[in-house]
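Reader: I'd love a close look at one part of this protein chain, taken slowly. Could you walk me through it?

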Amino acid sequence: MTMHFARSMSDEAFLDHVADRLAALPGVEAVTLGGSRAQGTHSADSDWDTAVYYRGPSFDPAALRAIGWEGEVSGIGEWGGGVFNGGAWLTVDGRRVDVHYRDLDVVEREVEEAEEGRFRWEPLMFHLAGIPSYLVVAELAVNQVLRGELPRPAYPEALRRTAPGIWLGRARMTLGYARDNNAPRAQHTEVAGALATAAMEGAHAVLAARGEWVTNEKRLLERAGLRGIDAILASLAAAGPVDRERLVRALDEAERLIVTGVTAGA
């Protein structure tokens, strides 16, 4: 059920208000708008995804909490301590607002790493495949800067050479483990989970091969042309016994689909 709240400001005035308040926080050097709002694919009820880029210890989430907006404000590092190191889920003027913390020292280091073709994998809630550390570089490339100044990096050629193979390797290992360990036991749920995870890993490989930035998984399969994984999963739900052969066929079909997509994108 979608909740509707009274709003006193236009979208333009609202965004200015939020950007001004965030930019005034101690240590903040830039504020951005991301997600569907920045890309023009939003609906009227879409969240407002923002980020504060800060440098040094002067940024303190307590200052954000002190603004008095309704919601939850995490401490730095409470979202796992990686490149996604914290944020807030708020309601401002009847609108849902997410605020992500972005440490400029970390972001600048990841820009340098991406330019050398290097990245790390990190787990993140709500992301089946986890995230690459270059996701914060992708945000610089696609998000809208509201206050301050930030670089707008192109997709590094070195990253385009290295990332597809790394992601494809992860997808194949995910499927291979399920093929060797879950399929023989006719473990339908585990195989389904491996198919979904490998599809996302493969989609990262496809987009990296094309040199296209990824900032989340929401439309990742569509962008990568891997929505065909749905039919493979549906085949497991069809009538009939779920035996090893049927599960192995599904895993093999998924691997062929993913490899074809990566090869086409390269």
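In what order do the six strands of the open sheet lie, and what is the pairing?

Author: Happy to! Please keep in mind that this is a predicted model. The open sheet runs in the order S3-S4-S5-S2-S1-S8, and its six strands show mixed pairing. At the edges stand strand S3, residues 70-73, and strand S8, residues 144-147; each has a single partner strand, so one side of each is left without a neighbour in the sheet. On average, neighbouring strands here are turned by 25° against each other, with direction ignored. As a general reminder, strands of a sheet pair through backbone hydrogen bonds, in either a parallel or an antiparallel way.

Let's step along to one of these pairs. Strand S4 covers residues 87-92 and strand S5 covers residues 95-103; the two run antiparallel and are joined by six bridges. One residue pair to look for is Val92 with Arg95, its bridge partner in S5.

S5 also has a helix for company. Helix H4, residues 104-115, lies across S5 as well as strand S1 (28-34) and strand S2 (48-54), and H4 runs at about 70° to S5.

Now let's zoom in on a single residue of S2, namely Thr50. With a relative accessibility of 3%, Thr50 counts as buried, because the cut-off for that class is under 20%. Leaving aside residues up to four places away in sequence, Thr50 touches Leu22, Thr32, Leu33, Val97, Asp98, Val99 and His100. Two of those names, Thr32 and Leu33, fall within the 28-34 range of S1. Val97, Asp98, Val99 and His100 fall within the 95-103 range of S5. That fits the strand order, where S2 sits between S5 and S1.

For contrast, try Glu222, which is found in helix H8, residues 220-224. Glu222 counts as partly exposed, because its relative accessibility is 43%. From Glu222 to Arg185 the C-alpha to C-alpha separation is 32 Å, with their positions 37 residues apart in sequence.

Finally, here is the setting for the sheet. The protein chain holds 10 helices and eight strands, and its C-alpha atoms fill a box of roughly 60 × 45 × 30 Å along the principal axes. Of its 266 residues, 49% are buried. Among contacts between residues at least 6 apart in sequence, 63% join residues at least 24 apart. The chain exposes about 12,800 Å², of which carbon and sulfur atoms supply 52%.

How values were computed:
Residues are numbered from 1 along each chain as its sequence is written. This is a predicted model: local features need pLDDT of at least 70, side-chain atom pairs count only at pLDDT 80 or more; totals for chains, interfaces and linings use all residues. Side-chain values use heavy atoms; hydrogens and water are left out. Helices (H or I, at least four residues) and strands (E, at least two) are DSSP runs, numbered from the N terminus. Buried means under 20% relative accessible area, exposed over 50%, partly exposed in between (1.4 Å probe, protein chains only). Contact means heavy atoms within 4.5 Å. Accessible areas come from the Shrake-Rupley method with a 1.4 Å probe; for residues, only the protein chains shown count as cover. Two strands pair if DSSP finds at least two bridges between them. Axes are lines fitted to C-alpha atoms, for helices over the stretch in contact, and angles run from 0 to 180 degrees between N-to-C directions.
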